[in-house]
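Please open the model in a viewer and keep the selection panel at hand. The tour proceeds by selections, each followed by a description of what is found there.

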Amino acid sequence: MGGEAFIRRAETAESIHKADHPGYEFIKRTIVGKGESEHFDVSIYEVPPGKAAVPYHFHLRNEELFFILSGTGLLKSPEGERTVTAGDFLFFPNNEKGAHKITNTSETEKLVYADFDI
C-alpha cells in the first residue's frame, strides 16, 4: 500500500457532490485517497450555508482531525455546542466521546474544512 509522491490542488482534485437529505449537503474533494497512503485519507469539504455535511455521529475505527479553512460553523459534540472558525483544529477520537456534527451557520459563505481520517 502507499503510492507515489504527488502535489494536488484542491480545486482540481476528484470531487463528489451529495445532497441526499434535507439539511445535509457537501462537496468532497479527495486530496489523499484510499490506497495512496498507508495511514490516512485527506479530503476537503465545502458545506453550503445552513447545511451540515453529515448527521451527528462517531467512528469506531478511524480518528478524525478537521482543520477549518474558511467560514464559521456550529460544532455539536458530547461537551455541548460551540462556534468554530477558520484556523481551528478539531480532533475526534474513535469512540462515543468523538461524536460530532458541524453545521455551517453562515447565511452567505461556504464552510470549508480539511478532514484527515487517521
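## Starting at F116

Select F116, which lies in strand β9. The model is a predicted one, and every stop on this tour should be read accordingly. F116 is partly exposed, with a relative accessible area of 28%. Now add D41 to the selection: its C-alpha atom and that of F116 are separated by 5.8 Å, although the two residues stand 75 positions apart along the chain. Leaving aside residues up to four places away in sequence, F116 touches D41, V42, E63, E64 and L65.

## From D41 to the salt bridges

Keep D41 and display K34. The side chains of these two residues meet in a salt bridge, at 2.8 Å from N to O. Which of the two partners is buried, and which is exposed? K34 is exposed, with a relative accessible area of 72%, whereas D41 is buried at 16% relative accessibility.

The structure holds 5 salt bridges. For another, select R29 and E46, whose closest N and O atoms are 3.0 Å apart. R29 belongs to strand β2 and E46 to strand β3, so this pair ties together parts that are 17 residues apart in sequence. Both ends count as buried: R29 has 15% relative accessibility and E46 has 13%.

Next, add K110. E46 also forms a salt bridge with K110, with 3.4 Å between the closest N and O atoms. This pair links distant parts of the chain, as E46 is in strand β3 and K110 is in the loop between β8 and β9, 64 residues apart. K110 counts as partly exposed, at 44% relative accessibility. With the three residues displayed together, a network of salt bridges linking R29, E46 and K110 can be traced.

## S43 in strand β3

Stay in strand β3 and select S43. S43 counts as buried, because its relative accessibility is 6% and the cut-off for burial is under 20%. Its contacts, not counting residues up to four places away in sequence, are K28, R29, T30, I31, Y113, A114 and D115.

## The nonpolar cores

Select L90, I102 and Y113. These are the residues with the most contacts inside the largest nonpolar core, which has 13 residues. The elements that give two or more residues to this core are β3 (41-47), β4 (64-70), β7 (89-92) and β9 (111-117). Apart from this core lies another, of 7 residues, among them I31, V42, I44 and A114.

Return to I102 and show its surroundings. Beyond residues up to four places away in sequence, I102 touches K51, A52, A53, F66, G73, L74, L75, V84, L90 and L111.

## Along β8 and across to β5

Select residues 101-104, strand β8. Which side chains of this strand point to the buried face? I102 and N104 point to one face and are buried, while K101 and T103 point to the other and are not. Then add strand β5 (residues 72-77), which pairs with β8 in the antiparallel sense over 4 bridges. To locate the pairing, select K76; its bridge partner in β8 is K101.

## The partners of β4

Select β4 and display β7 and β9 alongside. β4 and β7 are paired in the antiparallel sense over 4 bridges, and E64 stands opposite F92 in β7. β4 is also joined to β9 by 6 bridges, and these strands too run antiparallel. How is S70 placed, and what is its bridge partner in β9? The partner of S70 is V112.

## Last stop: a nonpolar surface patch

Finally, switch to a surface representation and select F40, F91 and I118. These residues make a nonpolar surface patch of about 280 Å². Where along the chain is F40? F40 is placed in the loop between β2 (24-32) and β3. F40 counts as partly exposed, at 34% relative accessibility.

Definitions and conventions: Residues numbered from 1 in each chain as written. Predicted model: local features only at pLDDT ≥ 70, side-chain atom pairs only at ≥ 80, totals over all residues. Heavy atoms only, no water. Core = buried A, V, L, I, M, F, W, Y, C linked by side-chain atoms within 4.5 Å. Buried < 20%, exposed > 50% of the residue type's maximum accessible area, 1.4 Å probe, protein only. Contact = heavy atoms within 4.5 Å. Patch = residues over 30% accessible without salt bridge, like charges linked within 9 Å, V, L, I, M, F, W, Y side chains within 5 Å. Areas by Shrake-Rupley, 256 points an atom, 1.4 Å probe, with all protein chains shown as cover. Salt bridge = Lys/Arg side-chain N within 4 Å of Asp/Glu carboxyl O. Pairing = 2+ DSSP bridges.
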